[in-house]
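Please open the model in a viewer and keep the selection panel at hand. The tour below proceeds stop by stop, naming what to select and then what is there.

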Amino acid sequence: MSSGIAAGVAAPAQYDELKRPITAGGFVEKGPIVFQDVTKQAGLAGWTHKMGTPEKRFIVETNGSGVCLLDYDNDGWLDIYLVNGATFDSLDGKEESPHAALFHNNHDGTFTEVAHKAGVTNDRWGYGCSVADYDNDGWPDIYVGNYGKNRLYHNNHDGTFTDVAPKAGFNTDNWTPGSAWGDYDGDGKLDLYVTGYVHFDRSNLPIAGTKAVGYASCLYRGANVNCGPRGLPGEPDHLYHNNGDGTFTDVTVKAGVEDKDKYYGFTAIFVDINGDGKPDLVVGNDSEPNFLYINKGDGTFDDQSYVSGFALNKDGREIASMGIAAGDYENNGQIDFFVTDFGDDYKVLFHNDGDVSFTDVSYKAGIAQTTIPFVGWGDGFLDYDNDGWLDLFEVNGHVYPEVDQHDWGTTWAERPLLFHNVPDGPKERRFQNVPAVMGTGLADVIPARGAAFGDLFNDGKIDVVINPIDGPPALLRNVNADKHHWVELKLVGGTNPANGRKSPLDATCATVYLTANGMRMRQDVLASSSYISANDRRVHFGLGDATDAGEAEIHWPSGAKEIVKLPAGDRIYTIEEGKGITGALCQGKPCADPKAPAVAAR
């Protein structure tokens with residue numbers, strides 16, 4: 001008997017022309033340069049993620065941490081929060097605890113680390129994070145999922161935060177890495193879903209051959225490795241209702257989202273799947289079936305995990321789900337999901353067929369074969385070339401350091417993957433792998449884990465921040481040569497006069513349909529995504545060569561629907577519910593007239 005991760009049969013090794021495993025090779029000398037690694041120039045290289053020992057004897061040491069993008073000081077520029085790991089010695093007070101990093105955006109391409117000053121160092125064993133304004137005071141707060149007690153960092157409006165998790169009533173105390181925010185009951189206040197992973201007991205360590213793992217061996221391709229998650233007890237998920245007074249109540253059972261079998265939960269996302277204006281919930285479970293809960297509108301959910309097709313892949317197998325990307329890659333108004341997975345198995349693209357029905361189209365869409373050798377973590381739909389079609393990005397890294405000691409065609413550190421969304425016949429779309437040019441961001445070979453996507457330089461191009469395990473972060477700046485136009489929207493919730501309902505102030509789970517450039521695109525305001533991370537909350541649309549920014553049809557969480565004509569492209573608009581455009585940034589600075597058309601096309 002063995003204990004390990006769900007995966008396909010060991011795949012044949014793939015090597016490049018220099019006999020390097022394809023996970024750390026396969027580069028080209030020339031080609032389109034999409035991303036450049038600007039980590040050092042931006043000032044991020046001084047912080048290092050640390051998690052356990054290099055040997056990775058236990059599963060808590062290998063899963064890695066997330067990264068969250070947020071404008072914590074409301075200056076219109078995205079800042080970066082990188083979650084830290086820890087060691088057993090730091091937990092026991094024998095060495096200084098690793099700390100999280102909060103990088104303040106200096107508006108000039110550089111960042112300054114301010115975690116200690118801001119009070120968000122999280123001197124615990126950190127994993128995931130999510131961002132939301134849970135108390136509707138106009139300032140983003142940060143939730144951090146740990147091994148041990150979690151954090152809820154409340155924004156104090158002065159560049160600092162206070163951990164209010166104990167006061168809030170969050171009582172999880174083992175390993176709950178993921179979190180998702182959404183107003184599931186429509187009361188205008190954001191509720192919190194927390195995923196449970198493995199129940200890790202330090203007094204009964206999961207060592208191969210011991211009672212803790214049922215006396216099993218823990219093997220990967222015949223080699224001894226750390227044990228889990230299979231064979232280890234799990235931790236349940238929790239749904240917390242926001243009481244509106246700074247406290248939360250656990251309503252997991254009442255709401256119908258009880259994780260009775262204690263599956264190994266990672267990433268969770270609240271998003272409206274069926275277009276009824278109510279946030280539904282998806283959860284990626286490692287080595288076990290995924291969850292998909294449809295919001296019934298009465299404070300409860302309907303478990304449609306299996307009937308929807310989201311629980312398993314096309315072969316009827318559970319996968320080792322780590323990251324989840326949500327996006328409408330066909331521009332048909334439906335949310336699709338891309339789920340990363342372990343090596344020796346393809347990563348799964350779930351196509352939304354409508355009526356809460358999903359089909360695994362990974363092979364048909366051109367994604368499956370390329371991804372098989374890689375161990376996938378953070379992922380995202382992003383329109384990297386602003387042509388109006390969502391592309392796909394995936395970061396990778398193995399969980400077993402032992403792979404570098406064997407000729408298995410895989411590596412501990414792995415390069416990311418970028419797929420370009422291209423036509424496949426008159427109506428369908430497929431994804432084309434973008435070659436990794438030597439010396440560019442796509443050729444970064446790192447043991448990546450969390451990844452977040454956003455416009456860090458306010459230039460209309462989506463960048464990537466990666467939180468690897470045991471190393472400095474990577475900031476991949478989008479330098480694609482396209483001159484396409486774009487538009488971004490920051491949404492601020494208000495009150496629906498028709499029914500008196502309020503949207504959360506930060507408009508979490510709002511949906512925007514932009515009609516421009518001869519197409520109708522969809523974006524959603526999400527508080528969590530990727531691998532236990534959080535992306536830019538501003539919705540971003542590529543416009544191609546169109547100079548007309550089109551019309552935004554906004555479906556607010558309150559149930560209100562509003563159409564706003566956008567005067568010009570290449571701007572970041574602030575739109576308030578019921579008030580229309582209330583501000584705009586032009587080249588990172590306030591526009592002279594937010595509602596005036598652009599003077600000239602770029």
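Two strands are treated here as paired if DSSP finds at least two bridges between them. The model is a predicted one, and residue numbers run from 1 along the chain as its sequence is written.

**First stop: the sheet from β10 to β15**

Select β10, β11, β14 and β15. These strands make up an open sheet of 4 strands in the order β10-β11-β14-β15, with antiparallel pairing. At its edges are β10 (179–182) and β15 (248–250), each of which pairs on one side only. Neighbouring strands of this sheet are turned against each other by 25 degrees on average, direction ignored.

Now restrict the selection to strand β14, residues 238–242, together with β15. The two pair in the antiparallel sense over 3 bridges. Which residue of β15 does H241 stand opposite? The residue to highlight is T249.

**Second stop: the sheet from β33 to β36**

Move on to β32, β33, β35 and β36. Here an open sheet of 4 strands has the order β33-β32-β35-β36, and its pairing is antiparallel. Because β33 (519–524) and β36 (561–565) stand at the edges with a single partner strand each, one side of each is left without a neighbour in the sheet. From one strand to the next, the twist averages 20 degrees.

Within this sheet, select strand β35 (residues 551–555) along with β36. The two strands run antiparallel and are joined by 5 bridges. One pair to display is E553 with I563, its bridge partner in β36.

**Third stop: β31, β37 and β38**

Select strand β31 (residues 485–492) and strand β37 (residues 571–576). This pairing is in the parallel sense and extends over 6 bridges. E488 stands opposite I572 of β37.

Keep β37 in view and add strand β38, residues 580–586. Between β37 and β38 there are 5 bridges, and these strands run antiparallel. I572 appears again at this point, with L585 as its bridge partner in β38. Next, select the turn: β37 and β38 form a hairpin with 3 residues between them, and G578 in that turn has a positive phi of about 85 degrees.

**Fourth stop: N352**

Select N352, which is found in strand β22 (residues 348–354). Is this residue buried or exposed? N352 counts as buried, because its relative accessibility is 3% and the cut-off for buried is under 20%. A polar atom of the N352 side chain lies 2.8 Å from the backbone nitrogen of G354. To show the surroundings, select I273, Q334, I335, D336, S357 and F358; N352 is in contact with these residues, leaving aside its neighbours within four places in sequence.

**Fifth stop: salt bridges**

How many salt bridges does the count give? The count comes to 22 salt bridges. Three pairs and one network are visited here.

Begin with E95 and K50, whose side chains meet in a salt bridge at 3.7 Å, N to O. The pair links distant parts of the chain, 45 residues apart: E95 is in the loop between α2 (88–91) and β4 (101–105), and K50 in the loop between α1 (39–42) and β2 (67–70). E95 is partly exposed, with a relative accessible area of 30%. K50 also counts as partly exposed, at 37% relative accessibility.

Next select D123 and R151, whose side chains meet in a salt bridge at 2.6 Å, N to O. Since D123 lies in the loop between α3 (115–118) and β6 (125–132) and R151 in strand β8 (residues 151–155), the pair ties together parts that are 28 residues apart in sequence. D123 counts as partly exposed at 48% relative accessibility, whereas R151 counts as buried at 9%.

The third pair is K149 and D173, a salt bridge in which the closest N and O atoms are 3.9 Å apart. K149 lies in the loop between β7 (141–147) and β8, and D173 in the loop between α4 (165–168) and β10, so this pair ties together parts that are 24 residues apart in sequence. K149 counts as partly exposed at 46% relative accessibility, and D173 is partly exposed with a relative accessible area of 47%.

To finish, select K314, D315, R317 and D345: salt bridges that share partners join these residues into one network.

Terms used: Predicted model: local features only at pLDDT ≥ 70, side-chain atom pairs only at ≥ 80, totals over all residues. Heavy atoms only, no water. Axes fitted to C-alpha atoms, helices over the stretch in contact; angles between N-to-C directions. Buried < 20%, exposed > 50% of the residue type's maximum accessible area, 1.4 Å probe, protein only. Polar contact = N/O pair within 3.5 Å; in protein donor to acceptor, adjacent residues only side chain to side chain. Contact = heavy atoms within 4.5 Å. Salt bridge = Lys/Arg side-chain N within 4 Å of Asp/Glu carboxyl O.
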